[in-house]
Amino acid sequence: MNTEIYPISAFNDNYIWIVQQGTNAVVVDPGQAAPVISDLESKNLNLKGILITHHHDDHTGGVQELVARYDVPVYGPAFETRPIPCLNEGLTEGDSVRIEGIDAEFQVLEVPGHTMGHIAYTTLISSDQPVLFCGDTLFSCGCGRIFEGDSRLMLQSVDKLGEMPHNTLVCCAHEYTLSNIDWALAVEPDNSELQKWSHRARDLRAQNLPTLPTTMAQEQATNPFLRVREPSVIKAAQSYAGTELGEDAAVFAALREWKNNA
């Protein structure tokens, strides 16, 4: 059955992802219920399940209202620092989720750092098209702030996502792309792929279109947090830090501090 994946907007810059097959749908990280309900009703879709990546309110705030309205199961991380509303099944690395009415299996990856219990979901929407729902771990040309982990842990998580196939569709949870690109260009001003992406992304936003999903190949070519071992990125991070950086995690930490202050 044909599967469609698309974002709907919430708050100022959040994306709630919808996985649609026929008249059935799964929602990922519904921080608000109203835009989800509006989308489902406008397309006559039946909500079948909710997937949560981490505990932050802008990813979980709509869960209770959606469960009260549609009585669907909620899947999310098993070990978060705050409870997930209405959680039916806590998930850990290697678990998989099947949702009634949806012909897809969602595989779970643990990607701590932004929060300690953060997970991501991967699935196939065709035999050769992988999709990643990465929450706030990875953004286009960026990554999430490190609220509960440390740089070493976050680098491990970003690296894990970076090992996915190059054609993976990367479904991030925020429209941060333009500001991330501006910073990434400060890190690698001579990166031609990044320059091309800057033009394309600005064209998309000028038309009020999302810059997402991106692809893992594009992120590998343009995202400094996936490029901590590239000489150009190491040189820029050391220049920012004002010191030699002896290991990958130190480069990553310098980049994260740089982005925090950008």
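Is Tyr176 buried, partly exposed or exposed? In this predicted model, Tyr176 is partly exposed, its relative accessible area being 28%. The tour starts at this residue.

**Stop 1: Phe139 and Tyr176**

Select Phe139 together with Tyr176. The count of aromatic pairs in the model comes to seven, and one of them is formed by these two residues, in an edge-to-face arrangement with 4.9 Å centre to centre and 75 degrees between the planes. Phe139 belongs to strand β11 (residues 138-139), whereas Tyr176 sits in the loop between β13 (169-172) and α5, so the pair ties together parts that are 37 residues apart in sequence. Unlike its partly exposed partner, Phe139 counts as buried, at 5% relative accessibility.

**Stop 2: Tyr240 and Trp258**

Next, select Tyr240 and Trp258. Their ring centres are 5.1 Å apart and their planes lie at 5 degrees; planes under 30 degrees apart count as stacked, so this pair is stacked. Tyr240 is in helix α8 (residues 231-241) and Trp258 is in helix α9, which places the partners 18 residues apart. Tyr240 is partly exposed at 32% relative accessibility, while Trp258 is buried at 15%. Now add Trp183, Phe225 and Phe252 to the selection: with Tyr240 and Trp258 they form one aromatic cluster.

**Stop 3: helices α8 and α9**

Display α8 and α9 as whole helices. Their axes come within 9 Å and cross at roughly 65 degrees, and the crossing is left-handed. On the α8 side, select Val233, Ile234, Ala236, Ala237, Tyr240 and Ala241; these meet Val251, Ala254, Leu255, Glu257 and Trp258 of α9. The residues of this contact comprise 10 nonpolar, no polar and one charged.

**Stop 4: helices α5 and α9**

Keep α9 (residues 248-260) in view and add α5 (residues 177-187). The two helices pack at an angle of about 125 degrees, with their axes 11 Å apart; α5 and α9 are therefore oblique to each other. Their crossing is right-handed. Which residues of α5 meet α9? They are Ser179, Asn180, Trp183, Ala186 and Val187, and their counterparts in α9 are Leu255, Trp258 and Lys259. By residue class, the contact of α5 with α9 divides into five nonpolar, two polar and one charged. Leu255 and Trp258 also appear in the contact with α8.

**Stop 5: Leu204 and the loop after α6**

Move to Leu204, in helix α6 (residues 192-206). From Tyr240, Leu204 is 31 Å away in space, C-alpha to C-alpha, and 36 residues away in sequence. Leu204 is partly exposed, at a relative accessible area of 25%. Leaving aside residues up to four places away in sequence, Leu204 touches Trp197, Leu209, Pro210 and Thr211.

Then select Asn208, in the loop between α6 and β14. Asn208 is not a glycine, yet has a positive phi of about 60 degrees. With a relative accessible area of 61%, Asn208 is exposed. Pro213 lies in the loop between α6 and β14 (214-215) as well, and a cis peptide bond joins Leu212 and Pro213, with omega about 0 degrees.

**Stop 6: Phe11**

Finish at Phe11, in the loop between β1 (3-10) and β2 (14-21). Phi is positive here too, near 50 degrees, in a residue other than glycine. Phe11 is partly exposed, with 44% relative accessible area.

How values were computed
Residues are numbered from 1 along each chain as its sequence is written. This is a predicted model: local features need pLDDT of at least 70, side-chain atom pairs count only at pLDDT 80 or more; totals for chains, interfaces and linings use all residues. Side-chain values use heavy atoms; hydrogens and water are left out. Axes are lines fitted to C-alpha atoms, for helices over the stretch in contact, and angles run from 0 to 180 degrees between N-to-C directions. Helices (H or I, at least four residues) and strands (E, at least two) are DSSP runs, numbered from the N terminus. Angles under 35 degrees count as roughly parallel, over 145 as roughly antiparallel, 65 to 115 as roughly perpendicular and the rest as oblique. A crossing is left-handed if the near helix is turned anticlockwise from the far one by less than a right angle, and right-handed if clockwise. Contact means heavy atoms within 4.5 Å. Ala, Val, Leu, Ile, Met, Phe, Trp, Tyr, Cys and Pro count as nonpolar, Asp, Glu, Lys and Arg as charged, and the others, Gly among them, as polar. Rings of Phe, Tyr and Trp (its six-membered ring) pair if their centres lie within 6.5 Å; planes under 30 degrees apart count as stacked, over 60 as edge-to-face and the rest as tilted. Buried means under 20% relative accessible area, exposed over 50%, partly exposed in between (1.4 Å probe, protein chains only).
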